[in-house]
Amino acid sequence: AAGARPVVRAVLAQIQRAKFHHAVEPGDCLDIVATIAGMHESSAQVEFEAAVGGEQAARGTLTFVMREIDSPRVHEQRRQIYALWTRGMSPPPVLP
């Protein structure tokens, strides 16, 4: 729509203090817990832990920057990737 503001998206900018405890194999069920550790107007830090079968596989901190994305092509590619990742989910997630 004319005059509409571009959509703001979180873009991964940095991975800090990442530790990988063991390899994750194809077919493993990876449980990921992510917690927002801090937010600012233009960035956010997210702490994560990943486990397989209750055993920690990885942990670290991710820093995201917020950026306006004004590209229909980028938004369409994002929708296609999410549709692939979430196929078979019921109900299917709704994305903007």
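Good morning. In this structure, 4 strands form an open sheet, arranged in the order β1-β4-β3-β2, and their pairing is antiparallel. I should say at once that the model is predicted. The edge strands of the sheet are β1 and β2, each of which pairs on one side only. From one strand to the next, the twist averages 25°. For those who are new to the subject, strands of a sheet pair through backbone hydrogen bonds, and the pairing is either parallel or antiparallel.

Let us cross the sheet, one pair of strands at a time. We begin with β1 and β4, which pair in the antiparallel sense over 11 bridges. As an example from this pair, Val8 has Glu68 in β4 as its bridge partner.

The next step takes us from β4 to β3. These two strands run antiparallel and are joined by 10 bridges. Two of the partnerships may be picked out on the screen: Ala50 stands opposite Ala58 in β4, and Phe48 has Gly60 in β4 as its bridge partner. The hairpin of β3 and β4 has 2 residues between the strands, and in this hairpin Gly53 takes a positive phi near 60°.

The last step is from β3 to β2. Here 9 bridges join the two antiparallel strands, and a hairpin connects β2 to β3 through 3 residues. Leu30 has Val52 in β3 as its bridge partner, while Val33 stands opposite Glu49 in β3.

How many of the residues of β3 are buried? The count is 7 of 10, so the strand is largely enclosed by the rest of the structure. Glu47 lies in this strand, and it is partly exposed, with a relative accessible area of 44%. Glu47 and Thr63 are 16 residues apart along the chain, and their C-alpha atoms are separated by 8.9 Å.

I now turn to the pockets, starting with the second largest, since Glu47 belongs to its lining. About 160 Å³ of space lies in this pocket. Its lining consists of Arg17, Val33, Thr35, Glu47, Phe48, Glu49, Arg59, Gly60 and Thr61. Several of these names have already come up: Val33 was the residue opposite Glu49, and Phe48 was the bridge partner of Gly60. Which strands each supply at least two residues of this lining? They are β2, residues 30–39, β3, residues 43–52, and β4, residues 55–69. By class, the lining has 2 nonpolar, 3 polar and 4 charged residues.

The largest pocket comes next, with a volume of about 180 Å³. Arg9, Ala10, Val11, Ile69, Val74, His75, Arg78 and Tyr82 line it. Two elements, β1 at residues 7–20 and the helix α1 at residues 72–86, each supply at least two residues of this lining. The helix α1 gives the most, with 4 residues. By class, the lining divides into 5 nonpolar, 1 polar and 2 charged residues.

Two lining residues of this pocket deserve a further word. One is Arg78, which lies in helix α1. Is Arg78 buried or exposed? With 17% relative accessibility, Arg78 counts as buried, because the cut-off for that class is under 20%. To place Arg78 against the sheet, we may take Ala34: the two are 44 residues apart in sequence and 21 Å apart in space, C-alpha to C-alpha.

The other is Tyr82, which brings us to the aromatic rings. A search of the whole structure finds 1 aromatic pair. The rings of Tyr82 and Trp85 have their centres 5.6 Å apart and their planes at 35°, so the pair is tilted. In general, a pair of aromatic rings is described by the distance of the centres and the angle of the planes. Both Tyr82 and Trp85 lie in helix α1, 3 residues apart, which is about one turn of the helix. Tyr82 counts as partly exposed, at 27% relative accessibility, whereas Trp85 counts as exposed, at 62%.

To close, I would ask you to keep two places in view. The first is the second largest pocket, with β2, β3 and β4 each supplying at least two residues of its lining. The other is the largest pocket, to whose lining helix α1 gives the most. Thank you for your attention.

Terms used: Residues numbered from 1 in each chain as written. Predicted model: local features only at pLDDT ≥ 70, side-chain atom pairs only at ≥ 80, totals over all residues. Heavy atoms only, no water. 1 Å grid on protein atoms, 1.4 Å probe; cavity = no way out; pocket = protein on both sides within 12 Å on 5 of 7 lines; lining within 4 Å. Points joined across faces, edges and corners; volume = space filled by probe spheres on them. Nonpolar A, V, L, I, M, F, W, Y, C, P; charged D, E, K, R; others polar. Phe/Tyr/Trp six-rings, centres within 6.5 Å; stacked < 30°, edge-to-face > 60°. Buried < 20%, exposed > 50% of the residue type's maximum accessible area, 1.4 Å probe, protein only. Pairing = 2+ DSSP bridges. Axes fitted to C-alpha atoms, helices over the stretch in contact; angles between N-to-C directions.
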